[in-house]
Amino acid sequence: MKVVPNDLGVCGVEQLMYAGTVNFGDENVATGVKLCDVPANTVITKAVAVVKTAFNAGTTNVLTVGTNDDVNDLLGSSDITEGTKGAYSKLAFVECAAKTAVKAKFTQTGTDATAGAADVYLGVVRIPG
């Protein structure tokens, strides 16, 4: 089930929202693919990656999620076990004063992956602007 926020205009109420799905073969996934935009005056409080299909690159699989240039301020390189199905979460406090893109990035070494997919969810709170 994809979770959508009830009303991101409501201030001070934490809500869980579906940000998007990242797949091993998405175009430009190695540099970061946009999952969603978080509205202005929002704080991201948590990030969750649900690995639905294990990533299977030959040597290393690295999936990160973020709003920064390195695409790793929400879920970093050690926060997800990409080769194992399951849910991986991390608390965060990322203030988004302006509309902010949330991206996911998958990098690999060794034999290229032939499988891998994860849904990404965010805990968000609107704040007065």
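Biologist: What makes the contact between the side chains of Lys 99 and Asp 37 a salt bridge?

Modeller: The term requires a side-chain nitrogen of Lys or Arg within 4 Å of a carboxyl oxygen of Asp or Glu. Lys 99 and Asp 37 meet at 4.0 Å, N to O, so the pair satisfies the definition. The two residues are 62 apart: Lys 99 is in the loop between β5 (86-96) and β6, and Asp 37 is in strand β2 (residues 33-38). Strands here are DSSP runs of E with at least two residues, numbered from the N terminus, while helices are runs of H or I with at least four.

Biologist: What should I know about the model and the numbering?

Modeller: The model is predicted: local features need pLDDT of at least 70 and side-chain atom pairs pLDDT 80 or more, whereas totals for chains, interfaces and linings use all residues. Residues are numbered from 1 along each chain as its sequence is written, and side-chain values use heavy atoms, without hydrogens or water.

Biologist: Why is Lys 99 called exposed, and which class does Asp 37 fall into?

Modeller: Exposed means over 50% relative accessible area, buried under 20%, and partly exposed in between, with a 1.4 Å probe and protein chains only. Lys 99 has 61%, so it is exposed. Asp 37 has 28% and is therefore partly exposed.

Biologist: How many salt bridges does a search of the whole structure find?

Modeller: The search finds five. One of them joins Asp 119 to Lys 2, with the closest N and O atoms 2.9 Å apart. Asp 119 lies in strand β7 (residues 117-126) and Lys 2 in the segment before β1 (14-23), so this pair ties together parts 117 residues apart in sequence. Asp 119 is buried at 5%, whereas Lys 2 is partly exposed at 41%.

Biologist: Which residues share partners in one network?

Modeller: The side chains of Lys 52 and Asp 119 also meet in a salt bridge, at 3.4 Å, N to O. Lys 52 is in strand β3 and Asp 119 in strand β7, so the pair ties parts that are 67 residues apart in sequence. Through shared partners, Lys 2, Lys 52 and Asp 119 form one network. Lys 52 has a relative accessible area of 36% and is therefore partly exposed.

Biologist: How do you know that β3 and β7 pair?

Modeller: Two strands pair if DSSP finds at least two bridges between them. β3 and β7 have 10, in the antiparallel sense; Val 51, for instance, has Ala 118 in β7 as its bridge partner. β3 and β5 also run antiparallel, joined by nine bridges, and Ile 44 is matched with Val 94 in β5.

Biologist: Why is the aromatic pair of Phe 55 and Phe 106 given the class that it has?

Modeller: Rings of Phe, Tyr and Trp (its six-membered ring) pair if their centres lie within 6.5 Å; planes under 30 degrees apart count as stacked, over 60 as edge-to-face and the rest as tilted. The whole structure holds two such pairs. In this one the centres are 4.7 Å apart and the planes 35° apart, which makes the pair tilted. Phe 55 is in the loop between β3 (42-53) and β4 (60-66), and Phe 106 is in strand β6 (residues 100-109), 51 residues apart. Phe 55 is buried at 2%, and Phe 106 is buried at 2%.

Biologist: How many disulfides does the structure hold, and why does Cys 11 form no bond?

Modeller: It holds zero. A disulfide needs two cysteine sulfur atoms within 2.5 Å. The closest cysteine sulfur to that of Cys 11 belongs to Cys 96, at 14 Å, which is too far for a bond. For Cys 96 the closest is in Cys 36, at 9.4 Å, also too far. Cys 11 is partly exposed at 42%, and Cys 96 is buried at 2%.

Biologist: What makes the approach of Arg 126 to Leu 8 a polar contact?

Modeller: A polar contact is a pair of N or O atoms within 3.5 Å; within protein, one must be able to donate a hydrogen and the other to accept it, and residues adjacent in sequence count only if both atoms are side-chain atoms. The side chain of Arg 126 reaches the backbone oxygen of Leu 8 at 2.9 Å. Arg 126 is in strand β7.

Biologist: Which residues is Gln 15 in contact with, leaving aside its neighbours within four places in sequence?

Modeller: Contact means heavy atoms within 4.5 Å. Gln 15 touches Pro 5, Asn 6, Asp 7, Leu 8, Leu 122, Gly 123 and Val 124. Gln 15 is in strand β1 and is buried, at 11%.
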